[in-house]
Amino acid sequence: MGSLTVSLKLRQLRMQAREHPERVFTTLHHLIDVDFLREAYYQTNKQAAAGVDGVTVAEYAANLDNNLADLYRRYREGSYVAPFVKRVWIEKEDKSQRPIGIPTLEDKILQRAVAILLGAIYEIDFYDFSYGFREKRSAHDAIKALRDGCFREKASVIIDADISKFFDTMPHDRIREMLRLRINDGKIMCLIGKWLKAGVVEKDNIRYPVCGSPQGGSISPMIANIFLHHALDEWYVKQVRPRLARRSFLIRFADDFVLGCEDEADGERLMKVLPKRFEKYGLRIHPDKSKMICFQWPSKYSAKSGNGTFDFLGFTHYWGKSRNGNWVIKRQTMRKRQARAMRNLYTYCRSSKHDPIKEQYQRLCSKLYGLYNYYGVRGNYRALWMLYQHVRDCWRRWLGRRTRDGYISWEKFEKFLAVWKLPRPRITKMV
């Protein structure tokens, strides 16, 4: 019954947003009640790590009704205090590190509730070429739209832009300014302000950010989409595209985006104006990682494409010939992503060599299925096969350290694999 009530609230909110595209919503906080928080709890990732309070999902769920009731009381009275966010670092493809924030479970639930509320309104406003962190949209949808855009608009150049440290540098005043264009509920705005200013804990040190929204929270993807909807998407649709001489397209997934232009001169104009546009909003286009690439549809009779390649959402995109001899856009796993995946698999086999075989087998299968599920697009089978062979090599090598000889022959290992069969590569996405 509670879930149905939440659905009705969101449906009414979507209808109001659609019928009144210029309306500023000033009374939204009353829509969040205990049932709304329970729905947010069910949509929260249960596998994520615990925050600074150490409370796990199991501990919170043991007394769920009382915990949600207490959370709602503090939210309603305005006494809710955003807890510290635990910071961890993950390695990027270029071996640099990216900060990730881990909120407490209770914070995630309330953030999710507010994100659901905002999503009901902004899903009406967002453009179709925005794919990141939206319902029924995925990275594979963005990749397909990119390919279709190149053919449909006959793109000759691709602008591959990179926003430097986007999540860490979004100005708080700009975030509030953009939110108030559509949402001006005092309690909701106050909550978002608390999350933006929440202290970040790292190695027993506490830092209070003056800009940015830490990745890892449920509200950050929504804030990022709203920010770039105003800073980039609306600007492109209302000001840029009408002024270009020929056709163009934009594909965006959160802070990753590419622009395609039919006319090279249009692309050069965009390359000049993009940094100025983002500087206006306190952001910076990375001068080394942002570039314009020749990506023209090759002639049917060309022996070589003569075009460049670009990376987007973990794939390198390039022109290649199909089995029928036609030029098509192909995708393969980025070299840095492939190397990182192989490195992680090697590290796991080495660090877990003394774990039970069944446990190792289940973890390796899970890792391979995850890689196949994302990178298993047409034309990328060779990269998946390399991962499969790499796992076999690593597993044999480190299991051999458990034996007296410190080595397992391939003949013996093949018999072992007949029992513990690792999943073979497969194409999972026909995009």
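This is a short tour of a predicted model, with stops at a sheet, a cavity and some cysteines.

**Stop one: a sheet**

Start by selecting residues 310-312, which make up strand β9, and residues 327-333, which make up β11. Then add residues 315-321, strand β10. Together these three strands form an open sheet in the order β9-β10-β11, with antiparallel pairing. As a reminder while you look, strands of a sheet pair through backbone hydrogen bonds, either parallel or antiparallel.

Which strands are at the edges? They are β9 and β11, each of which pairs on one side only. Turn the view to see the twist, which averages 40° from one strand to the next.

Now zoom in on β10 and β11: seven bridges join these antiparallel strands. Show the side chain of tryptophan 319 and look across to β11, where isoleucine 329 stands opposite.

**Stop two: a cavity**

Next, leave the sheet and look for enclosed space. Rolling a probe the size of a water molecule over the atoms shows where empty space is left. How many cavities of 30 Å³ or more does a search of the whole structure find? There is one, and the largest cavity holds about 90 Å³ of space.

To get to the cavity, select Gln111, Trp195, Pro214, Gly217 and Ser220: among the 15 residues of the lining, these lie nearest the centre. Then colour three helices: α5 (105-125), α9 (186-197) and α10 (219-240), each of which supplies at least two lining residues. The largest share comes from α10, with three residues.

What is the character of this lining? Seven of its residues are nonpolar, seven are polar and one is charged.

**Stop three: the cysteines**

Finally, display the cysteine sulfurs. A search of the whole structure finds zero disulfides. Go to cysteine 150 first: it is in no disulfide, and the nearest cysteine sulfur, belonging to cysteine 261, is 11 Å away. Is cysteine 150 buried or exposed? Cysteine 150 is buried, with a relative accessible area of 3%.

Then select cysteine 349 together with cysteine 394, whose sulfur is the nearest cysteine sulfur to that of cysteine 349, at 5.2 Å. A disulfide needs the two sulfur atoms to be within 2.5 Å, and cysteine 349 is in no disulfide. Switch on a surface here and you will find that cysteine 349 is buried too, with a relative accessible area of 1%.

Definitions and conventions
Residues numbered from 1 in each chain as written. Predicted model: local features only at pLDDT ≥ 70, side-chain atom pairs only at ≥ 80, totals over all residues. Heavy atoms only, no water. Buried < 20%, exposed > 50% of the residue type's maximum accessible area, 1.4 Å probe, protein only. Pairing = 2+ DSSP bridges. Helix = DSSP H or I, 4+ residues; strand = E, 2+ residues; numbered from the N terminus. Axes fitted to C-alpha atoms, helices over the stretch in contact; angles between N-to-C directions. 1 Å grid on protein atoms, 1.4 Å probe; cavity = no way out; pocket = protein on both sides within 12 Å on 5 of 7 lines; lining within 4 Å. Points joined across faces, edges and corners; volume = space filled by probe spheres on them. Nonpolar A, V, L, I, M, F, W, Y, C, P; charged D, E, K, R; others polar.
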